[in-house]
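Please open the model in a viewer and keep the sequence panel visible. The tour below proposes a series of selections and states what is found at each.

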Amino acid sequence: MKIPQVPGCSGIFDSVADTYLDTDLRLWATWAFWARAAPGSCLRETSDQNMSDATSPERNKRGEWRPSYPIIPAPINDWPPSPIKTFKWLFAWPGFIWPENLFWLSISVLTWAFLTPELAAMKTFELWWIAILFARNLVLISLLFGGMHYFLYIKKSQGDRLRFTTKPFPTKNKRFRFNHQVRDNMFHTLASGVPILTAYEAITYWLFANNHIGFFDFSSPIAFWVWFVALLFLAPVIHSIHFYFGHRLLHVKFLYKHFHSLHHNNVQIGPWSGLAMHPVEHIIYFSTVVVQWLIALHPVNALYQIHLAGFLPAPSHCGYEKMNVARGVDLSAGSYFHYQHHKHFECNYGGSMIPLDKWFGTFHDGTEEADQQLREQLRKRREDMAATD
Ligand SMILES: [Zn+2]
Ligand SMILES: [Zn+2]
């Protein structure tokens, strides 16, 4: 385990450096406690209510299924504010903090503590440490994306329950490299996604190691930790906002045609579709960490931001509303929001945490009424375009 040394950060890093070792240990112990206390870590018991809500039995003739409830933006957006709902959303089990974000944060902390070279060694770009980052990113992404694909689509551990469509992934389709969607998706993820994610991570550590970022000089360790924790809460918000605007940009005609259409080749989505992007899209998508370059004090803040971008596409593209991981125990996948985007293209560019789609008029709540509304909008637009020609 390492104590991060960020030379030249006058005062604050030195003053809190000694506490990092303890903090890393505490975080590890806390994570281990939770993991033990809740077998299967981020699992939750499925209540009767949840089951009946989530398992609306109707599957149409095309093999499509939808949840029986509309998508609702997170209560932090309610106006007038609803503090009790927001508190529950944040702290209840299962909630925004645990398991959703603490699970990913635990991976970031463990990765930083055990699978990252010393910051001082990363002052100059050298092949050996970049190779270490690349190898462990390759393993982490393969385990997560491959693991989810294995359980959902090879082992078929929950069959078609809560699956959005029963259509199989194309295997003889020229749109895909190797004429095979899953192999195509794996290729883009591992050959482009992982190297570009690793490049951003390497640049981040190099910037920290050379004191180009992380200079904030707080007068007390308390101020440091308050900002450190605030950034942990902010990271999913930053991810959500950055993703929305980057994604809208990618739907500009030129960028869509040359780059983003590759991601949209995936109509039936699975975990490997999440990072199946053109390298230019990977560069835009992972640039979310640049925000942390401007405000982060500690590399863990930046690493957490990178990990959210690297890991979240697996559950958000898994093709299931919830993942069953043990008898009667479902893990919320939350991918129906983004599934609508792959289905209809012109809606749900962001996520349901920050309702930018609502504010910009592109929100689809997943219901049949929203389907009809969208069709009507498109029909009107076609008519307007025909009238102006
Ligand atoms: Zn798109
Ligand atoms: Zn997608």
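Helices (H or I, at least four residues) and strands (E, at least two) are runs assigned by DSSP and numbered from the N terminus. This is a predicted model, in which local features need pLDDT of at least 70 and side-chain atom pairs count only at pLDDT 80 or more, while totals for chains, interfaces and linings use all residues. Residues are numbered from 1 along each chain as its sequence is written, and chains are lettered from A and ligands numbered from 1 in the order in which they are written.

**Stop one: three loops**

Select K156, which lies in the loop between α5 and α6. K156 is not a glycine, yet its phi is positive, about 50°. Is this residue, K156, buried or exposed? A residue is buried if 20 or more other C-beta atoms lie within 10 Å of its own, exposed if 12 or fewer, and partly exposed in between, the C-beta atoms being placed from the backbone. K156 has 11 other C-beta atoms within 10 Å and is therefore exposed.

Move next to N211, in the loop between α6 and α7. N211 also is not a glycine and has a positive phi, of about 60°. Because N211 has 15 C-beta neighbours inside 10 Å, it counts as partly exposed.

Then select W79 and P80: the peptide bond from W79 to P80 is cis, with omega near 0°. P80 belongs to the loop between α2 (48–54) and α3 (83–91).

**Stop two: helix α11**

Select residues 299–311, which form helix α11. The expected span of a helix is 1.5 Å times one less than its number of residues. For the 13 residues of α11 this gives 18 Å, and the end C-alpha atoms are 18 Å apart, which agrees. Of these 13 residues, 13 are buried, so α11 is largely enclosed by the rest of the structure.

Now add V109, in helix α4. V109 counts as buried because it has 20 C-beta neighbours inside 10 Å. V109 and N301 are 192 residues apart in sequence, and their C-alpha atoms are 9.5 Å apart in space.

**Stop three: the nonpolar cores**

A nonpolar core is a set of buried Ala, Val, Leu, Ile, Met, Phe, Trp, Tyr and Cys residues joined through C-beta atoms within 7 Å. Which residues touch the most other members of the largest core? Select F286, I306 and C318, which do so among its 52 residues. The elements giving two or more residues to this core are α4 (100–114), α5 (127–154), α6 (181–209), α7 (221–250), α9 (279–286) and α11. The largest share, nine residues, comes from α6.

Centre the view on F286. Leaving aside neighbours within four places in sequence, F286 is in contact (C-beta atoms, placed from the backbone, within 7 Å) with I196, L197, Y200, I306 and A309. Another core, of six residues, lies apart from the largest one; among its members are F164, I269, Y336 and F337.

**Stop four: a hairpin**

Finally, select residues 322–326 (β2) and 329–332 (β3), which pair in the antiparallel sense over four bridges. Two strands pair if DSSP finds at least two bridges between them. M323 has L331 in β3 as its bridge partner, and A326 stands opposite V329. The two strands, β2 and β3, form a hairpin with two residues between them, and G328 in the turn has a positive phi of about 75°.

Notes
Contact = placed C-beta atoms within 7 Å.
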